[in-house]
Amino acid sequence: GDALHIKETMDAAYVSDGFGGTAGTGNVHSDNGYSNGYDLGEGVVTMPLLTYGEYKSKSGATYDNYLDYLKANATVYTGNLTLTKGTAFSISGPNGSLSIDADGNMTISGIVYATGNITFGGSKARIIYSGNGTLVTPQSSYIHCDLLPKTKFATGDTLGLIAGDKVELATGGGDAQLTMAIAMYAQHQIISNKQSQIAGSMVTSYFSMSQVPSLFQAPELANHLPPGMPGADPIYIATISTESWEEIRP
């Protein structure tokens, strides 16, 4: 049969200010080593912001900021939104829909915007999601249970989570190690406690990790992003190659 190929290390690490902790570079396992700084230059890639800066959509409409754009193009739920196994809930509209049954099976499409906090609850519970959609809150989101795709993450089912403030993972008093596959954006901070297993991607201004969670990048996620994720627009870098030149006099 075919040989079994195991990818032991991550593809790349780019850190300009070095590595902290007592181990230093001893536990940095990356194909490109540990001494490569960011290589795109200044100003090419910046932190996408929700609440600062005017945003112009592809349709030409202008919004005060990206969060306003998301709200205008979502199905809006007023108040705090708690999704947990054991409690059925549903909301739908032209821009997005979300439903969960008592067994914890969740279906999502488009963008659903909650004006309050978003919580995935239930100690030692599990939510299985299907579809391709994004949950947005201008405040914070808290995950206290396993959150997994029904089929295959990224190429099958994808879930996005956008928070204007923080995303907290396994920070509840009774939370144990959690398993999740999700694309996360928090404008201010992502906090992860316990030895959780997290597949997907995290984008935030500040990370706070404790008890060594395991983070797994899913390469195909870049090609199958949930709708509305900040910074998802393509980045174009123009290069000019000169094969020869000649001075032209008037």
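**Close-up 1. Leucine 215 and a nonpolar surface patch.** In this predicted model, leucine 215 lies in strand 18, which covers residues 214-217. Together with Phe207 and Met209, Leu215 makes a nonpolar patch of about 270 Å² on the surface.

**Close-up 2. Strand 9 beside strand 7.** Strand 7 (residues 105-114) and strand 9 (residues 126-137) run parallel and are joined by nine bridges. Within this pairing, glycine 133 of strand 9 has glycine 110 opposite.

**Close-up 3. Strand 9 beside strands 11 and 12.** Strand 9 is also joined to strand 11 (residues 146-149) by four bridges, and these two strands run parallel. Here isoleucine 128 has leucine 148, in strand 11, as its bridge partner. Six bridges connect strand 9 with strand 12 (residues 158-163), again in a parallel arrangement. For leucine 135, the bridge partner in strand 12 is leucine 161. In a regular strand, side chains alternate between the two faces of the sheet.

**Close-up 4. Strand 13 and its pairings with strands 10 and 15.** Strand 10 (residues 141-143) runs parallel to strand 13 (residues 166-169), and three bridges join them. Leucine 169 of strand 13 is the residue opposite isoleucine 143. Strand 13 further pairs with strand 15 (residues 189-192) in the parallel sense, over four bridges. In this pairing, glutamine 189 of strand 15 stands opposite lysine 166.

Terms used: Residues are numbered from 1 along each chain as its sequence is written. This is a predicted model: local features need pLDDT of at least 70, side-chain atom pairs count only at pLDDT 80 or more; totals for chains, interfaces and linings use all residues. Side-chain values use heavy atoms; hydrogens and water are left out. Two strands pair if DSSP finds at least two bridges between them. Patches are made of residues with over 30% relative accessible area and no salt bridge: like charges are joined within 9 Å, nonpolar side chains (Val, Leu, Ile, Met, Phe, Trp, Tyr) within 5 Å. Accessible areas come from the Shrake-Rupley method with a 1.4 Å probe; for residues, only the protein chains shown count as cover. A salt bridge is a side-chain nitrogen of Lys or Arg within 4 Å of a carboxyl oxygen of Asp or Glu.
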